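Here is a quick tour of a protein chain, written for someone who would rather look at the model than read a long list. Have the structure open as you go.

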Amino acid sequence: MTEAVVDLESRTTASLVVGIGLNITTKEFPPGLKNKATGIAPADRNLLVSRLIEAIANNYLDYDNPQYLEQYRQGSMILGQKVDLLVNGEAIAGIAKKIENDGALTIRSADGKTKTFNSGEVVKVNFEKQLRFLRKACSDEVKGDL
């Protein structure tokens, strides 16, 4: 989850709220989550948190930089994937097609129509192929840092 608070007078980002969830100790997931979630155990929590804070501190000033946005698009695991987006209590299903220059998400629904959303929560993503890659990458990277 990422939310920006915009200063209306200057039209600049006044603050940024970033929320993440990390499965640090979970090794086995129930059948309903097995192909949707992963964990990065074993991990040194202090090292993980310090590296995360360091990465955010080193990059937050680039939030509005178009070059950063392109890197964000390239690293996105939802583009091209089936997603459910929760907006005001309504689930919108479709394919995540594009992250716009303002950070909005464009989704193509089953009827072929596209719509762009500036807010909402991606509550479901089907990315089994990426999940296998992510499990291996996280495991290798964290082990290499310990």
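## A greasy patch outside, a core inside

Let's start on the surface of this predicted model. Leu16, Val18, Ile20, Leu22, Leu52, Ile56, Tyr60 and Leu61 together make a nonpolar surface patch of about 780 Å². Two elements give two or more residues to that patch: strand 2 (12-18) and helix 1 (45-59).

Take one patch member, isoleucine 56, which sits in helix 1. Is isoleucine 56 buried or exposed? Neither label fits: its relative accessible area is 45%, and because buried means under 20% and exposed means over 50%, isoleucine 56 counts as partly exposed. As a general tendency, nonpolar side chains in soluble globular proteins are buried together.

Now step back to the whole chain. The protein chain has three helices and seven strands, and reading from the N terminus the order is β-β-α-α-β-β-β-β-β-α. Its accessible surface comes to about 10,900 Å², with 51% of that belonging to carbon and sulfur atoms. Of the 146 residues, 19% count as buried. As for contacts between residues at least 6 apart in sequence, 43% join residues at least 24 apart.

Which residues make up the largest nonpolar core? There are 12 of them: Leu69, Ile78, Val83, Leu85, Val87, Ile92, Ala96, Ile99, Leu105, Ile107, Phe117 and Val125. Strand 3 (82-87), strand 4 (90-99) and strand 5 (105-108) are the elements that give two or more residues to this core.

Those strands pair up, and the table sets the two pairings side by side.

| Strand pair | Bridges and sense | Hairpin turn |
|---|---|---|
| Strand 3 and strand 4 | six bridges, antiparallel | two residues between them; asparagine 88 has a positive phi of about 50 degrees |
| Strand 4 and strand 5 | four bridges, antiparallel | five residues between them; glycine 103 has a positive phi of about 90 degrees |

To find your way along these pairings, pick out a couple of partners. Leucine 86 has alanine 91 in strand 4 as its bridge partner. Further along, alanine 96 stands opposite isoleucine 107 in strand 5, and both Ala96 and Ile107 are listed in the core.

Leucine 105 is another core residue worth clicking on. Setting aside its neighbours within four places in sequence, leucine 105 is in contact with Ile78, Leu79, Ala96, Lys98, Ile99, Lys115, Thr116, Phe117 and Val122. Among these partners, Ile78, Ala96, Ile99 and Phe117 also belong to the core.

Key. Residues numbered from 1 in each chain as written. Predicted model: local features only at pLDDT ≥ 70, side-chain atom pairs only at ≥ 80, totals over all residues. Heavy atoms only, no water. Buried < 20%, exposed > 50% of the residue type's maximum accessible area, 1.4 Å probe, protein only. Contact = heavy atoms within 4.5 Å. Areas by Shrake-Rupley, 256 points an atom, 1.4 Å probe, with all protein chains shown as cover. Patch = residues over 30% accessible without salt bridge, like charges linked within 9 Å, V, L, I, M, F, W, Y side chains within 5 Å. Salt bridge = Lys/Arg side-chain N within 4 Å of Asp/Glu carboxyl O. Core = buried A, V, L, I, M, F, W, Y, C linked by side-chain atoms within 4.5 Å. Pairing = 2+ DSSP bridges.
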